[in-house]
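Welcome! Here is a short tour for anyone meeting this structure for the first time.

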Amino acid sequence: MSDKIELKGVYKIFGDQPRGRALELAKAGVPKDEVQLRTNHVVGLTDVNFSVREGEIFVVMGLSGSGKSTAIRTVNKLHDVTDGEVLVDGEDVQQMTGTTLQAFRREKMGMVFQHFALFPHHTVIDNVGYGLKVQKVDRHVRDQAALKALGLVGLERYAGSYPSELSGGMQQRVGLARALASDPDILLMDEAFSALDPLIRRQMQDEMMAIQDDLKKTILFITHDLNEALRIGDRVCIMKDGAVVQIGTPEEILTQPATGYVAEFVQDVDQGRVIQVHEIMVEPRPLSATETLQEGLQHLGDRAGAFVLDERGAPVAVLTTGDGIRASGMGSTNLQDGLRSDFATCNPHQTLNEVYAAAGRGIPIAVVDEDGRLVGNLDPRHIMEEMGRVESLIDDFEREVFM
Ligand SMILES: Nc1ncnc2c1ncn2[C@@H]1O[C@H](COP(=O)(O)OP(=O)(O)OP(=O)(O)O)[C@@H](O)[C@H]1O
Ligand SMILES: [Mg+2]
């Protein structure tokens, strides 16, 4: 695999005289705080080196102020660098100006940020096609491209809606579609999902990974959340005070933390053991008691099961695929024949550890609110997947570190 993006010895100093004493000190290895104290200049990046390979998801992770946004902005030259080189497809980004730079930004890369604004008075399709419009692509071609991009994020049906008619998560999807519309090789994503609640966030991560699998984009993804980084990254780069601390695969970061700083972060992943139910539950999509057994089965799709509710919205029975097929095989068309009522319930803030045993029966778990109403559907397979992934990472880590 070739390198798509390369940062080589990149320094970024903020202040009146970025190339003066502050740069000199930073180059001598003086830490960010001290440089600021002595020169009143802020070290945004100090000797940053990394390369993003074609087709990978490369995640830059670090605390607030560690230089993540500064780094991603050097890639499309929203920031000039003070020293060093930024190459995209081997081309020196710093040398680009005017229309070359514009074309480079528009054609090579799509950008998604945490607080991006959709145009409120434009429909979804026009928002998504906006970049192409600026490139004077004609309406028909633009709309085709926009629809295709909307299809990738599952929002084709909303092409004619206005942003205010969409939820926050859907708006963020439109943002992703907008970045995909011009079919760029590279996606730059700065905290793109950070404002979303955990459930939607996971869905977005999954969707992005599916899109990536399909289209093989090169993705530079910024986050301050190590769990997110480990979940989606092919490789993860950890930054602190403008410097790169470690680059590695998620496994390497977990099993061989390069410094105490990384190890401390990794401790937080132990929190993976306490992933909460609401983070992996799926929408309830309950069954209606008036459906036939066959309609009920269709309704399930690829889900493990779905619940029937009483008039208050509390789950009273569940249809699982296995039960439904069995009853249908015996010639029944009556939904009642496939239902069972011996399902487990839990609340959205319980941890996966707590529901693990109940998941062992293979029957979906009903997630209910304080009033007993169904708010989510917990698929035992999803619990096993999530626990399995986290456990194996942590076990490796503990083996390395503690044995
Ligand atoms: N335009 C600017 N002028 C002066 N200093 C800046 C500017 N942009 C960033 N900085 C400084 O550079 C450092 C890195 O900032 P950056 O925005 O890259 O951090 P970040 O890792 O993206 O943080 P966050 O998670 O809060 O977004 C910080 O110390 C910040 O104060
Ligand atoms: Mg930032």
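## Around the ligand

The shell around ligand 1 is made up of Phe14, Val42, Gly44, Gly62, Ser64, Gly65, Ser66, Gly67, Lys68, Ser69, Thr70 and His224. Please keep in mind that this is a predicted model.

Which elements give two or more residues to this shell? They are strand 2 (42–53) and helix 3. Helix 3 provides the largest share, with three residues. Sorted by class, the shell holds nine polar residues, two nonpolar ones and one charged one.

## The six-stranded sheet

Let's turn to a sheet. Six strands form an open sheet in the order 6-7-8-3-9-10, and their pairing is mixed. Strand 6 (109–113) and strand 10 (243–248) are found at the edges; each has a single partner strand, so one side of each has no neighbour in the sheet. On average, neighbouring strands here are turned by 15° against each other, ignoring direction.

Within the sheet, strand 7 (residues 186–190) and strand 8 (residues 218–223) run parallel and are joined by five bridges. One residue pair to look for is Met189 and its bridge partner in strand 8, Phe221.

## Helices on the sheet

Helix 3, which you met beside the ligand, spans residues 68–75 and packs on the sheet. Helix 3 touches strand 3 (57–62), strand 7, strand 8 and strand 9 (235–240), and its direction makes about 155° with that of strand 8.

Helix 8 (residues 168–181) also packs on the sheet, where it touches strand 6 and strand 7. The direction of helix 8 makes about 165° with that of strand 6.

Key:
Residues numbered from 1 in each chain as written. Chains lettered and ligands numbered in written order. Predicted model: local features only at pLDDT ≥ 70, side-chain atom pairs only at ≥ 80, totals over all residues. Pairing = 2+ DSSP bridges. Helix = DSSP H or I, 4+ residues; strand = E, 2+ residues; numbered from the N terminus. Axes fitted to C-alpha atoms, helices over the stretch in contact; angles between N-to-C directions. Contact = placed C-beta atoms within 7 Å. Near = placed C-beta within 6 Å. Nonpolar A, V, L, I, M, F, W, Y, C, P; charged D, E, K, R; others polar.
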